[in-house]
Every structure is written in C-alpha cells, then in structure tokens.
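Please open the model in your viewer and keep the sequence panel visible beside it. The tour below proceeds by selections, each followed by a short account of what is found there.

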Amino acid sequence: MGRFLQIAGLVIGLIALVLQFAITIPASMAAGRSLFGSIVFYFSFFTVLTNIAAVMVHAALVSPAGYAWFPAFAGQRLRSGVAVAITLVFIVYRTVLAGLWQPQGLFLLCDILLHYITPLIFVLWWLIAGADGKTRWRDISWWMIYPLAYLAYALIRAPFAGEVPYPFLDVARNGMASVAVSALGVTALFIGLSVLAVLIDHGAGGLRGKPATRMG
C-alpha cells in the first residue's frame, strides 16, 4: 500500500504541478505580468512549493532497490517536515481560502489536486511507510525554517510586486496588526502540527517494532 501511495503521489503531484504551470503562466501574462514575472508568481505560492517538496520526497524513494535518488529529500527529518507543511496547506486552504474564489475548469481540477488529493496521499503514505520513529523534538526547529522563510519572502516581495500570494498577508489592505495576527495563527498551527507529527512518528515506530530514538 505504501508503494502504491508513493507512486500515486509522484504521478498525480507531477501532473497537477505541470498542469497548474501550463494554465497559470498564460493567465498571468494576460493579466499584465511579464513571462519572468509570471514564473515568479507561480513559484510564490506555499501550496506549489510544498507540493514540489512532496513530489521530491516521493521521487527520492521511488527506486525499487531502495536507492535514494535525491538523498536530501529521503531523510526522515525532511519527509516528516513535508508531511507537516502539506497538512498545513490543506487546513489553511479548507478553512480560510477556499471560499474566497470559485475556480472553474482546469483551475478547479488543479485546485482539488494540489489542496486535497496530494496532501491526503502524502500524509497517508507518511503514516503507512514514511514515519519510522526517528524524528526528534529538535527537528521542529528545522521544520520552522521553511514557513518563516516563506513568510519573510512574501512580505518583502509584496511592496515591489504590488501583490501577495494570499489575502491574509496583504499589509496594504489589512494592516500590519491583522497580518501579524494571521501569521502568528498560522505559525502556531504549524508548531501544533509539528508536535503531533513527532508524537505520531514515535508511535508508528513503536507499532512497527522499531525503537524510537531519544526525543531530544
């Protein structure tokens, strides 16, 4: 089952990302962005970046011989961190963003694939085959680098690009205080999911007869 989910996650994730790129670039250019600006716009979404990371994890471990094609993405620390990040993608989109727009056609398909299907596949794969009891509490500090770096990028880019990837990060419209509250809320959610991931990982390791590493 784990192998099936891994291949399904790799194939569906690649299809969704390529299709999203193919429909986003022309639409973005039609909205007045340059080709380069449109490419930057595409890669400015936390959803896209996290789905790329999920695909890389699947690809890193897809070799039937167990060889890690991309060693950096094959390690337990990174794949557990991606499980946390892609769960965040699902929760924030479902609770905050889904009601803000009504995608149609291929945009709707990509919306479903990137926000619902790929997170579900990755988390199920992680629970079945990816979690092995080797995460440590200090891994959370490493995982936090990703959302904090993304937040810094989005806020620094906004004055120059005149846009933000997500409405709750729009300082010009919402004010600094509102954006700070939203950012703190998402950060707290990420930390909570990280704690849960460490606990689940150690529980999964115990169920499989693999002694958990010291949770230091």
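**First stop: a residue in helix α3**

Select Thr-47, which counts as buried because its relative accessibility is 8%, and a value under 20% is what buried means here. The model on the screen is a predicted one. Thr-47 belongs to helix α3, which covers residues 46-60. Which residues does Thr-47 contact, leaving aside its neighbours within four places in sequence? Display Val-89, Leu-114, His-115 and Tyr-166, since these are its partners.

**Second stop: helix α3 against helix α5**

Keep α3 selected and add helix α5, residues 76-97. The axes of α3 and α5 come within 9 Å, and their crossing angle is roughly 145 degrees. The crossing of α3 past α5 is left-handed. On the α3 side, show Phe-46, Thr-47, Thr-50, Asn-51, Ala-53, Ala-54 and Val-57. On the α5 side, show Arg-79, Val-82, Ala-85, Ile-86, Leu-88 and Val-89. Coloured by character, the residues of this contact divide into nine nonpolar, three polar and one charged.

**Third stop: helix α5 against helix α7**

Hide α3, leave α5 in view and select helix α7, residues 139-161. At what angle do the axes of α5 and α7 cross? The angle is roughly 55 degrees, and the axes come within 10 Å. The two helices are therefore oblique to each other. In passing α7, α5 makes a right-handed crossing. The α5 residues to display are Arg-77, Ser-80, Gly-81, Val-84 and Ala-85, and they meet Asp-139, Trp-142, Trp-143 and Tyr-146 of α7. This contact of α5 with α7 consists of five nonpolar, two polar and two charged residues. Ala-85 may be kept in view from the previous stop, as it is listed in the contact of α3 with α5 and also in that of α5 with α7.

**Fourth stop: the salt bridges**

How many salt bridges does the structure hold? There are four, and three of them are visited here, beginning within the pair of helices just seen.

Select Asp-139 and Arg-77. They form a salt bridge whose closest N and O atoms are 3.0 Å apart. The pair links distant parts of the chain, with Asp-139 in helix α7 and Arg-77 in helix α5, 62 residues apart. Is Asp-139 buried or exposed? Asp-139 is buried, with a relative accessible area of 5%, whereas Arg-77 is partly exposed at 37% relative accessibility.

Next, select Arg-33 and Glu-163. Their closest N and O atoms are 2.6 Å apart, and the two residues form a salt bridge. Arg-33 lies in the loop between α1 (2-30) and α2 (35-42), and Glu-163 lies in the loop between α7 and α8 (171-174), so this pair ties together parts that are 130 residues apart in sequence. Arg-33 has a relative accessible area of 25% and is partly exposed.

Leave Glu-163 selected and add Arg-157. These two residues also form a salt bridge, with 3.1 Å between the closest N and O atoms. Arg-157 is buried, its relative accessible area being 14%. Taken together, Arg-33, Arg-157 and Glu-163 are linked in a network of salt bridges.

**Fifth stop: two leucines of helix α6**

Move to helix α6, residues 105-130, and select Leu-124 within it. Leu-124 is partly exposed, with a relative accessible area of 34%. Use the distance tool between the C-alpha atoms of Leu-124 and Leu-10: they are separated by 13 Å, while the residues are 114 apart along the chain.

Then select Leu-127, which lies in helix α6 as well. Its relative accessible area is 37%, and Leu-127 is partly exposed. The C-alpha atoms of Leu-127 and Leu-193 are separated by 14 Å, and 66 residues along the chain.

**Last stop: a glycine in a loop**

Finally, select Gly-99 in the loop between α5 and α6. Gly-99 counts as exposed because its relative accessibility is 64%, and the cut-off for exposed is over 50%. Add Val-40 to the selection: from C-alpha to C-alpha, Gly-99 and Val-40 are 25 Å apart in space, and in sequence they are 59 residues apart.

Notes
Residues are numbered from 1 along each chain as its sequence is written. This is a predicted model: local features need pLDDT of at least 70, side-chain atom pairs count only at pLDDT 80 or more; totals for chains, interfaces and linings use all residues. Side-chain values use heavy atoms; hydrogens and water are left out. Axes are lines fitted to C-alpha atoms, for helices over the stretch in contact, and angles run from 0 to 180 degrees between N-to-C directions. Helices (H or I, at least four residues) and strands (E, at least two) are DSSP runs, numbered from the N terminus. Angles under 35 degrees count as roughly parallel, over 145 as roughly antiparallel, 65 to 115 as roughly perpendicular and the rest as oblique. A crossing is left-handed if the near helix is turned anticlockwise from the far one by less than a right angle, and right-handed if clockwise. Contact means heavy atoms within 4.5 Å. Ala, Val, Leu, Ile, Met, Phe, Trp, Tyr, Cys and Pro count as nonpolar, Asp, Glu, Lys and Arg as charged, and the others, Gly among them, as polar. A salt bridge is a side-chain nitrogen of Lys or Arg within 4 Å of a carboxyl oxygen of Asp or Glu. Buried means under 20% relative accessible area, exposed over 50%, partly exposed in between (1.4 Å probe, protein chains only).
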